Amino acid sequence: MANVTVIGAQWGDEGKGKIVDWLAERADAVIRFQGGHNAGHTLVIGEKVFKLSLLPSGIVRGTFSVIGNGVVLDPWALRDEVAKLRGQGVEITPDNLAVADNCPLILPFHRDLDALREDASGQGKIGTTRRGIGPAYEDKVGRRAIRVCDLAHLDALDPQLDRLCAHHDALRAGFGEPPVDRAELLAQLAEIAPFVLEFAQPVWKRLGEIRRAGARMLFEGAQGVLLDVDHGTYPFVTSSNTVTGTASGGSGLGPQATGFVLGIVKAYTTRVGSGPFPTELQDEVGQRLGERGHEFGTVTGRQRRCGWFDATLVRQSCAVAGVTGIALTKLDVLDGFAKLKICTGYRLNGRVLDYFPAHAGDQAAVQPIYEEMDGWHESTAGARSWVDLPAQAIKYIKRVEELIQCPVALVSTSPERDDTILVRDPFAD
C-alpha cells in the first residue's frame, strides 16, 4: 500500500488539519514526527470543531495515532489535550494512541527559559510560542534530555538531572532566576508519569509491524518548510526540521516509508510572528484576506500576516522537501477580487532572483516581482469538482502549477472535509 507524508509548504497554517483528517479515514495509522504543542490543527467535522496542538489529527476519527520520537512532548499539555477531546466525545485509549518511549520531554523550566530569552531579545525576537519547544530540542541534542522512558525510572534519574541542572542553573542565574528545584521537578514527574506511561511503547517496532502488514500510513508534519531550522527563513524558524526526510528519523522508519509527499499550500500567503515576508500586504487587501480567511493562530490566537501568493517560495519549498503534489487550500478566500497577484521572483540590489536568498538581511531586502491576473466574481466555496469552479479560478490554479513546477493533487474550497476537489489520489501511488 502507498503511504502519504503531509507537510506545510509555506510558513505553516496552510490548512493541514483538514487535509490530514480527509486522508486519515483511509489510513491505518497517523504519525506526528516533529515539533511539539506549538503546532495547531483545526478540524471541522459536522457541527463540531476540534483544535489539536499535539495529538495527531487521526485521533478524532479513531485512526491509530502515533506521537513519534521526533516530537518534543509536554506531558502536561498531552494530558490536558486528551481530557479536552474526551470531553468532546473522542475516545482515546492505548489502543488508538501510542507515544514513543524515546520522546524527549518539555519540562516547566523549558517554558520559563523560552519566555525569558524572548523577553530579553529586543529586536531579535523570534516570535516563539513560549511553550519551551526550542530549549527542549537544545537539551535533546545536548544529550541531557529527560525522555518518556525515564518516567519509569525516576529513582535512577540523578545523573541525568546533574547534567541538566548544570546547564540550566547557569542560564537561570544569568537571568536572575533561582536554580531548578529538583525535588519539585521529581514530584511533578512522578505525578504525570502514570498517565504518559500508559501510552508509551517502542513506536518504531509497532510501526514496522504495521508497515510489514501492508497497511497505509499517514505522516503528519507540523509548521511548514519555510520554518525548517535549515531550509527556512533563519533565524525566524522553528527548532526542528519540518521537511519530508524528518518523517523517517522522527518515527523510526526508513526513508522509503514516506511515500507520496503532499505539500499543503494556501492560495495566498500568511505568516505568524517575526521574520521576512516579501509579499506581505499592510493595506485593505491584506486585511480583507485576513478577515475572509479567519487568519488567527490555532495555538496562540495571534493575527496572521497576509499577502499575495509567493510562487518563488513555494517552488523552493517543494524542491527541498521533495513534494510530489500539492493540496491548494482556501481558494474560496480569493472569491470576489477583481485582480490577483502572484510573486514570480525578486529584485535584490539590481539583480533578479528566482530563489529566496539564505541571508536574513537579503531576505528582508528583496522586492517581489508580480504577475497580475484577473480574479473571479463567482463563488468557489463548497466546490467539489472542476465543473463547479469558475474558468478564471481554474486558470489561477493552472498558473500556480506552472510557476511552482509541481502538480495540484487536491483543491480545498472550505473548512468542511468534503468540500475538496480530488485531482490525484495520494494513496493510489
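Trainee: How many of the 429 residues of the protein count as buried?

Mentor: In this predicted model, 56% of the 429 residues count as buried. The cut-off is under 20% relative accessible area.

Trainee: What makes the protein as compact as a globular protein of that length?

Mentor: Set two values side by side. The radius of gyration is 22 Å, and the globule rule gives 22 Å for 429 residues. The two are close, so the protein is as compact as a globular protein of that length. Its C-alpha trace spans about 65 × 50 × 40 Å along the principal axes. The protein has twelve helices and 18 strands.

Trainee: Why is helix α1 called largely enclosed by the rest of the structure?

Mentor: Count its residues. Nine of the nine, residues 16-24, are buried, so α1 is largely enclosed by the rest of the structure. Among them are the charged-type names you might query: K16, K18 and D21. W22 and L23 are also buried.

Trainee: Which residues have the most contacts inside the largest nonpolar core?

Mentor: L73, L189, I326 and Y396, in a core of 94 residues. Take I326. Leaving aside residues up to four places away in sequence, I326 touches several residues, including L262, V265, C318, V400 and L410. A second, separate core has 17 residues, including L218, A409, L410 and F427.

Trainee: How do you know that R143 counts as exposed?

Mentor: Exposed means over 50%. R143 has 70% relative accessibility, so R143 counts as exposed. R143 sits in the loop between α4 and α5. Its phi is near 60 degrees, a positive value in a residue other than glycine.

Trainee: What makes Q405 buried or exposed?

Mentor: The relative accessible area of Q405 is 64%, so Q405 is exposed; the cut-off is over 50%. Q405 lies in the loop between α12 and β17. Phi of Q405 is near 60 degrees, positive in a residue other than glycine.

Trainee: At what angle do α3 and α4 pack?

Mentor: About 115 degrees, with axes 7 Å apart. The crossing is right-handed. On the α3 side the contact is made by F109, H110, L113, D114 and R117. On the α4 side, the residues are I133, P135, A136, E138 and D139. They divide into five nonpolar, one polar and four charged.

Trainee: Which peptide bond is cis?

Mentor: The bond from Y234 to P235, with omega near 5 degrees. P235 is in the loop between β8 and α8.

Methods: Residues are numbered from 1 along each chain as its sequence is written. This is a predicted model: local features need pLDDT of at least 70, side-chain atom pairs count only at pLDDT 80 or more; totals for chains, interfaces and linings use all residues. Side-chain values use heavy atoms; hydrogens and water are left out. Buried means under 20% relative accessible area, exposed over 50%, partly exposed in between (1.4 Å probe, protein chains only). Helices (H or I, at least four residues) and strands (E, at least two) are DSSP runs, numbered from the N terminus. A nonpolar core is a set of buried Ala, Val, Leu, Ile, Met, Phe, Trp, Tyr and Cys residues joined through side-chain atoms within 4.5 Å. Contact means heavy atoms within 4.5 Å. Axes are lines fitted to C-alpha atoms, for helices over the stretch in contact, and angles run from 0 to 180 degrees between N-to-C directions. A crossing is left-handed if the near helix is turned anticlockwise from the far one by less than a right angle, and right-handed if clockwise. Ala, Val, Leu, Ile, Met, Phe, Trp, Tyr, Cys and Pro count as nonpolar, Asp, Glu, Lys and Arg as charged, and the others, Gly among them, as polar. The radius of gyration is taken over C-alpha atoms; the globule rule is 2.2 Å times the number of residues to the power 0.38.
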